[in-house]
Amino acid sequence: MSGFKEPNFADRQKAAMQARQNILNKFRAQPGPDDPEVKRRQAEREAIAAARAKAREAKEAEKAEQKRREAEAAAAEAARLAREKEEEAARQAALEAEQKAKRDARYAARKTKGKKK
């Protein structure tokens, strides 16, 4: 088995030139923009992008519809609470009026009781 042969400048230069040539050949082997396969892949990417955009728009529309439903529910709940508060205030006013009427009746009964003597 022979020993390691250290590459000289010419060998390194030749290896670098070969590497550049390999890269250039690899680049030249790639299909151009007018190649049917490239056009097909581009069309597929555009179709996928359009489908994603359509799905995103549908999702946004669903979110908007959900927000609208939530807003309607919140408005209905607020109206219900306001109506209940109004009814409670009316009941309270009626109770106070009834209590006042009873109080006035007791007062009037005391007055008439006192005048009979």
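Which side chain meets arginine 69 in a salt bridge? Keep that in mind while you get your bearings. What you have open is a predicted model.

**Stop 1: the whole chain**

Zoom out and colour by secondary structure. You should find two helices and zero strands. The radius of gyration is 46 Å, well over the 13 Å that the globule rule gives for 117 residues, so the chain is more spread out than a compact globule. Turn the C-alpha trace along its principal axes, and the span is about 145 × 45 × 25 Å.

**Stop 2: the surface**

Switch on the surface. Of the 117 residues, just 1% count as buried. The chain exposes about 11,100 Å², and carbon and sulfur atoms supply 57% of that area. Now colour by charge: there are 32 positive and 21 negative charges, and the mean positions of the two sets lie 8 Å apart.

**Stop 3: arginine 69 and its partner**

Time to settle the opening question. Select arginine 69 and glutamate 62 and show their side chains: the two meet in a salt bridge, with 3.5 Å from N to O. Arginine 69 has a relative accessible area of 37%, so it counts as partly exposed. Glutamate 62 is partly exposed too, at 45%.

**Stop 4: one turn along helix H2**

Next, select arginine 80 and glutamate 84. Their side chains form a salt bridge at 2.5 Å, N to O. Both residues sit in helix H2, which covers residues 36-116, and they are four residues apart, about one turn of the helix. How accessible is each one? Arginine 80 has a relative accessible area of 28%, which makes it partly exposed. Glutamate 84, at 36%, is also partly exposed.

**Stop 5: aspartate 104 and lysine 100**

Move on to aspartate 104 and lysine 100. Here the side chains meet in a salt bridge of 3.0 Å, N to O. Aspartate 104 and lysine 100 are four residues apart in helix H2, so about one helical turn separates them. Check the accessibility again: aspartate 104 is partly exposed at 37%, and lysine 100 is partly exposed at 44%.

**Stop 6: a network**

Finally, select Glu62, Glu65, Arg68, Arg69 and Glu72 together. Salt bridges that share partners join these residues into one network. You have already met two of its members, because the Stop 3 pair was arginine 69 and glutamate 62. How many salt bridges are there to hunt for overall? The count comes to eleven.

Technical notes: Residues are numbered from 1 along each chain as its sequence is written. This is a predicted model: local features need pLDDT of at least 70, side-chain atom pairs count only at pLDDT 80 or more; totals for chains, interfaces and linings use all residues. Side-chain values use heavy atoms; hydrogens and water are left out. A salt bridge is a side-chain nitrogen of Lys or Arg within 4 Å of a carboxyl oxygen of Asp or Glu. Buried means under 20% relative accessible area, exposed over 50%, partly exposed in between (1.4 Å probe, protein chains only). The radius of gyration is taken over C-alpha atoms; the globule rule is 2.2 Å times the number of residues to the power 0.38. Accessible areas come from the Shrake-Rupley method with a 1.4 Å probe; for residues, only the protein chains shown count as cover. Lys and Arg count as positive and Asp and Glu as negative; His and the chain ends are not counted. The place of a charge is taken as NZ of Lys, CZ of Arg, CG of Asp or CD of Glu.
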